[in-house]
Amino acid sequence: MTSLDAGLSADALRTDAVAAGTMRPLSTTYRVQLRCGTDFDGLIPHLPYLAQLGVSHLYLSPVFTATAGSTHGYDVTDPSQIDPALGGMEGFSRLAASAAAEGLGIILDIVPNHTAFSLENPWLRDLLRHGQSSAYARHFDIDWSRRLALPFLPDPFEDMLDRGAFSLAEEDGQPVFRADLGGGASLSVPLAPGGLPSDPGPDALRALHDTQVWQLRHWQTERDSVTHRRFFNVTSLIGMRVEEEDVFHDTHELILRLVSEGLVQGLRIDHIDGLADPVAYLHRLRQAVGPDVPVWVEKILTGSEPLPVCWPVQGTTGYETARQILRLLTPAEGLARLDGTWREATGFKGDFAATVAEAKDEVVVNELAAELHQMIALAQAYAATRRAAPGPESLREAVLALLRTFPRYRAYKVDDSSGVAGDRRLLDQVIAQAAETPRDPGTVHLLGEALCDPDTPEAQDFARRFHQVTGALVAKSQEDTAFFRYNRCLATNEVGAEPDHATLTPEAMSDWLADRQARWPHALTLTSSHDTKRSEDARTRLLAAAQAPQDFAALWAETEPHFPEEMRRNDGWYLLQSALAIWEDGRDDLADRLADHMVKALREGKVITTWQHPDEEAEAVVLEAARALVARWQADLPDPAARLIARAGPLSLIQLALKMVMPGVPDIYQGTELPSYALTDPDNRQLVDFAALADAPSAPGLAGQKARLTRRLVQLRAEHPDFFDTAEVRLSAQDGGLLELSRQDGARHLTLRFHPEGGGPGPVLPGHDLLPGGADWPLRMSCDI
């Protein structure tokens, strides 16, 4: 019998931890997004609630000093300082002490790949003043063959010079080059030490500007003229060279001190694939923090790609688990019927692979044009060392073919020291396939030699940059373009998911779960995060459309005639799903939220509008349709929508149970103890009402069910972390279409039974019932632990 069944309460769990004066064993994490109204002192009063919930660790978004007004913290300006806007070091120390008093550990999200390319960045300002003699010159990943481009101007430099927008000034006793940006905004760029013109007229200002290591440029030139490594295509973030020992030290000194002083108990690594050498970085970090500090990596695993077993980490942050749960619950027949309705309604042709390929062709010559030019230059430098003389067009075609063909975020070192099995085979396949396209396949093979055997500095430079750019191309083409064009079923358009591989058999899922238990028992398991395209319960609403395609077809037939004639029907199909995903009775913000999301979706899709060149007239047609749809539903929700919403509730509970029972460490995103209906950021970063969460178990309907089931299973894992660490796992098909997931460790066992389409869960299971009383459940759960 579990002690929960014997009456041990959440308060008892908390009291035991506090009395022991020790942290709880790792069992469940709770993700909190700081900023936007939440700082350290504001979070402290809610720690008792988290302790009573039963989680073991508080998982925080980045805490380091970021740009003024940052809403997320990934735009770090000073990694050596905790952000005063959050409470600074003193505030963080208070939070850590309060968490420890509740028995809670702290996991910190760190950002080794980049800092903010902003004049608020003190290291960057020092670089701008002192150039390559700056102590930070080697910290930033910059192409020094040209002056450092600062694409901060609203208009071309000469136009602004003609209208007198530039002047000289002094800040903190140092000279600066000031630019009036209009509307009361300005920027001040540090000037190199030396004499200043006595008469700063246009000619003198131009001459002074031309002697600096930096060059102010019109913002539109960032497409193909930036000289620093960016995070994807985000020019406002600059890559850091943490592969250098002194850069690692400077960017990690505070992090390592927080760990060594016991203020931080775990680390989450943001965008590991952006680094020059992720494997070497992880080994250096592991040596610095020791063997007992858990480390997780944000890593998108594509298809059947495995996480390298040689990595000294607990696992990934868990996007692949959300994908596998969704695939298990997605019926192939229902998805096929939905696909047919979608294509008939919208005229969409082609499969997802073709959609991604088309997006890659566009992204690599537009959003990533600067990266493409850099790669061609590196390819030319490498070819020269091989005494090869391919022309510029042959090099361009070869680089493009290799980038377009590469299917994953990246490959890793292919020598014996990497321990990454399969990457050499993958590269060989990519090279062979890429060589089929250009007129000069020999150039592809030439560059392939650099990727497979980088034995010279020029080859290493090309290979390193290639492996950093492939991730940006896949992310921008798939997640940020194709996901907003291939609109069949938006539930499948999720981070780490593959819409063309949207289903999974129970047998395949069982094998995957067993492998996860054997290799990564402490990897995180998420169903929502700050980066998921839709929150977990919004996603089950969309999954319901695949399970009941007849209801979604009826909803479309009822809705489509209201759409403006000039609106693309594929945009309408996306809009209808998004409205269904976030629908909640009684909310007065739905129209604004839906309209704001549609602006983002349309610009990411890049069909009728883009971020760089928005077509607000075309957007307005869709936004008007969005607001009109919400108004109609608020007056009278269509019956098919109500049926789909009702169908999604049981799926949410099944998804939750799978997440909590399967191998790995469940990660709860803030507020998702209650049903969460949010779209992509910033919609999913709304301020959390912790008072409502504390009262949630007594709420009626799905809200109370989800809250009670969350609390019950979090506390079960808190009581028996050893069982979930070691218990074998198996998923099997039962009579009547039921699925049964079992965990077994000797005489101890846990069983979860459910129907993947939310039907009746079958008879009561033997053992101690884990489901809170007072409700009908679409699943059965019992244990004897």
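In what order do the eight strands of the open sheet stand? In this predicted model, the order is E16-E15-E14-E5-E2-E1-E18-E17, and the pairing is parallel. Strands of a sheet pair through backbone hydrogen bonds, either parallel or antiparallel.

**The sheet and its edges**

Select strand E16 (315-316) and then strand E17 (524-526). These two strands stand at the edges of the sheet, each with a single partner strand, so one side of each has no neighbour in the sheet. Next, add strand E15 (residues 295-297), which runs parallel to E16 and is joined to it by two bridges. Within this pair of strands, display Trp 296, which stands opposite Gly 315 in E16.

**The second largest pocket**

Proceed to Glu 584, Arg 587, Pro 675, Ser 676 and Tyr 677; of the 30 residues that line the second largest pocket, these lie nearest its centre. Helix H25 (639-661), helix H26 (690-695) and helix H27 (701-719) are the elements that each give two or more residues to this lining. The pocket holds about 670 Å³ of space. Colouring the lining by residue class will show 15 nonpolar, eight polar and seven charged residues.

**Two cysteines**

Finally, select Cys 489 and Cys 783. Are these residues buried or exposed? Cys 489 counts as buried because its relative accessibility is 2%, under the 20% cut-off. Cys 783, at 0% relative accessibility, is likewise buried. A disulfide is a covalent bond between the sulfur atoms of two cysteines. A search of the model for such bonds returns none, as the structure holds zero disulfides.

Notes: Residues numbered from 1 in each chain as written. Predicted model: local features only at pLDDT ≥ 70, side-chain atom pairs only at ≥ 80, totals over all residues. Heavy atoms only, no water. Disulfide = S-S within 2.5 Å. Buried < 20%, exposed > 50% of the residue type's maximum accessible area, 1.4 Å probe, protein only. 1 Å grid on protein atoms, 1.4 Å probe; cavity = no way out; pocket = protein on both sides within 12 Å on 5 of 7 lines; lining within 4 Å. Points joined across faces, edges and corners; volume = space filled by probe spheres on them. Helix = DSSP H or I, 4+ residues; strand = E, 2+ residues; numbered from the N terminus. Nonpolar A, V, L, I, M, F, W, Y, C, P; charged D, E, K, R; others polar. Pairing = 2+ DSSP bridges.
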